[in-house]
Amino acid sequence: MSRHTHGLRTWLLQRISAVYLAMFLLYVLIHCLRHGAHSYTQWQAWLTLPLMNIASAGFIIALMAHAWVGMRDVILDYLKPVGLRLAVLSLTGLLLAGSGLWALRSLLLAAVSAA
């Protein structure tokens with residue numbers, strides 16, 4: 001891939017992930033408004049439905065990708081010393097990867113415990 005299309009790829013990733021995040025949150029909001037307050041078991045049963053679980057995993061992945069592109073751009077724009085930039089990028093990547101894996105693990109454990 002040429003350097004000229006790298007910016008387009010990250011721009012598209014940012015926009016596509018934003019659309020998915022907005023659609024997912026709108027769906028969850030509408031669901032909550034239509035069905036009222038849930039007990040813990042109702043909430044868990046809804047979240048562990050196969051399609052909802054996959055959609056939630058997609059939300060987590062889209063959120064991590066969206067956050068990475070945004071944070072990476074801010075770090076590259078505002079941190080000029082190369083060593084500091086590399087350190088902050090590395091810590092940001094580790095934090096996002098760890099958070100995403102933890103959230104995906106939580107989804108998996110909820111699905112397994114409900115089955």
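What radius of gyration does the protein chain have, and what would a compact globule of 115 residues have?

**Figure 1. Overall view of the predicted model.** The protein chain has a radius of gyration of 18 Å, but a compact globule of 115 residues would have one near 13 Å. Along the principal axes, the C-alpha atoms fill a box of roughly 50 × 25 × 25 Å. The secondary structure comprises 4 helices and 0 strands. In sequence order, the pattern reads α-α-α-α. Of the 115 residues in the protein chain, 23% are buried.

**Figure 2. Close-up of helix α3, residues 50-78.** This helix has 29 residues. From first C-alpha to last, helix α3 reaches 42 Å, close to the 42 Å expected at 1.5 Å a residue. Several of its residues are buried, among them Met52, Asn53, Ser56, Ala57, Phe59 and Ile60. Further along, the buried set includes Ala62, Met64, Val69, Arg72 and Ile75. Two of these residues, Phe59 and Arg72, return in later views.

**Figure 3. The salt bridge between Arg72 and Asp73.** The count for the structure comes to 1 salt bridge. Here the side chains of Arg72 and Asp73 meet, at 3.1 Å from N to O. How do the two partners differ in burial, buried or partly exposed? Arg72 counts as buried because its relative accessible area is 16%, under the 20% cut-off. Asp73 has a relative accessible area of 33%, so this residue is partly exposed. Arg72 is also listed among the buried residues of α3.

**Figure 4. The tilted pair of Trp43 and Trp46.** The structure holds 4 aromatic pairs. One of them joins Trp43 and Trp46, with ring centres 5.3 Å apart. The angle between the planes is 50°, and the pair is tilted. Why are these two residues about one helical turn apart? Both lie in helix α2 (residues 40-47), and they are separated by about one turn because they are 3 residues apart. An α-helix has 3.6 residues a turn, so residues three or four places apart point the same way. Burial separates the partners. Trp46 is buried because its relative accessibility is 8%. Trp43 has 33% relative accessibility, so this residue counts as partly exposed.

**Figure 5. The ring cluster of Tyr20, Phe24 and Phe59.** Ring pairs link these three residues into a cluster. Phe59 is one of the buried residues of α3.

**Figure 6. A nonpolar surface patch on the model.** Which residues make the patch? Leu8, Trp11, Leu12 and Ile16 make it, over about 410 Å². Leu8 has its place in helix α1, which covers residues 3-35. With 47% relative accessibility, Leu8 counts as partly exposed. That value falls between the cut-offs of 20% for buried and 50% for exposed.

**Figure 7. Two separations across the model, C-alpha to C-alpha.** Ala18 has its place in helix α1. Ala18 is partly exposed, with a relative accessible area of 29%. How far is Ala18 from Thr41 in space? The separation is 30 Å, with their positions 23 residues apart in sequence. Leu104 lies in helix α4, residues 82-114. Leu104 is partly exposed too, with a relative accessible area of 28%. From Leu104 to Gln42, the C-alpha atoms are 20 Å apart. Along the chain, Leu104 and Gln42 are 62 residues apart.

Conventions: Residues are numbered from 1 along each chain as its sequence is written. This is a predicted model: local features need pLDDT of at least 70, side-chain atom pairs count only at pLDDT 80 or more; totals for chains, interfaces and linings use all residues. Side-chain values use heavy atoms; hydrogens and water are left out. Patches are made of residues with over 30% relative accessible area and no salt bridge: like charges are joined within 9 Å, nonpolar side chains (Val, Leu, Ile, Met, Phe, Trp, Tyr) within 5 Å. Accessible areas come from the Shrake-Rupley method with a 1.4 Å probe; for residues, only the protein chains shown count as cover. A salt bridge is a side-chain nitrogen of Lys or Arg within 4 Å of a carboxyl oxygen of Asp or Glu. Buried means under 20% relative accessible area, exposed over 50%, partly exposed in between (1.4 Å probe, protein chains only). The expected span of a helix is 1.5 Å times one less than its number of residues. Rings of Phe, Tyr and Trp (its six-membered ring) pair if their centres lie within 6.5 Å; planes under 30 degrees apart count as stacked, over 60 as edge-to-face and the rest as tilted. The radius of gyration is taken over C-alpha atoms; the globule rule is 2.2 Å times the number of residues to the power 0.38.
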